[in-house]
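Me: I am new to this structure and would be grateful for a close look at a single part of it. Please describe that part in detail and then set it in its surroundings.

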Amino acid sequence: MLQRIRLEAPSSRRQTEFLSAARRSRGLHRPWVKAPATAGEFAAYLKRRRSAANPGYFVVDFVSGQLVGVVNLNELVRGAFQSAYLGFYAFSPFEGQGFMSAGLSHTVTDAFRRRKLHRLEANIQPGNTRSVALVKRLGFRLEGLSPRYLKVGGRWRDHERWAVLAEEWRGSAGAA
């Protein structure tokens, strides 16, 4: 199988490209996620991603080198928990082409193998059928609904909790 993507640590060298992609993708993202849209928000995003508890990845098309999406591990907790929350979004016009499936698969594999996490949880608004289909395809299971769980776009929104454990993960083949 050909290499589709590479993961890259978020950096300021992609600021212009990122902000352009975020502007171009507003319709795709609303109301599911709010990507950083200004230089200040992007700087805050980079600062957060430099924290060991909140690593992130840019998903880059292996062939063109273009930024196609983002995957973040949020609130990584060690000790008895060994868990993190997974956040992700594609940029237009790259949605629906398998880039995010590959990016998530590589990120989850890295989280379980290299970072030695036990559990990853993705909280997704019930109407976000594309993201739900993506995590289902990768082997996440629905654990329940959390009413008014996260504030997105200035409103508290319900989210479904989708999770996968290290021993359930089928590896990068899950993205095929």
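Reply: In this predicted model, glycine 153 has a positive phi near 60° and belongs to the hairpin of β6 and β7, where 2 residues stand between the strands. The two strands of this hairpin, β6 and β7 (residues 155-165), run antiparallel to each other and are joined over 8 bridges. Within this pairing, leucine 142 has tryptophan 162 of β7 opposite it.

The surroundings of the hairpin lead to the largest pocket, since β6 (141-152) is among the elements that give two or more residues to its lining. The other elements listed with β6 are the helices α2 (26-29), α3 (39-49), α4 (99-113) and α5 (129-137), together with the strands β3 (67-77), β4 (83-90) and β5 (119-124). This pocket holds about 1,300 Å³ of space. Its lining comprises 46 residues, and those nearest the centre are Trp32, Val33, Gly87, Phe88 and Tyr89. By class, 21 of the lining residues are nonpolar, 16 are polar and 9 are charged.

The second largest pocket has a volume of about 240 Å³. There, 14 residues form the lining, with Arg26, Arg30, Val33, Lys34 and Ala35 closest to the centre. Two or more residues of this lining come from each of α1 (15-24) and α2. The lining of the second largest pocket divides into 7 nonpolar, 2 polar and 5 charged residues. Val33 thus appears in both descriptions: it is listed among the residues nearest the centre of the largest pocket and among those closest to the centre of the second largest pocket.

Key: Residues numbered from 1 in each chain as written. Predicted model: local features only at pLDDT ≥ 70, side-chain atom pairs only at ≥ 80, totals over all residues. Heavy atoms only, no water. 1 Å grid on protein atoms, 1.4 Å probe; cavity = no way out; pocket = protein on both sides within 12 Å on 5 of 7 lines; lining within 4 Å. Points joined across faces, edges and corners; volume = space filled by probe spheres on them. Helix = DSSP H or I, 4+ residues; strand = E, 2+ residues; numbered from the N terminus. Nonpolar A, V, L, I, M, F, W, Y, C, P; charged D, E, K, R; others polar. Pairing = 2+ DSSP bridges.
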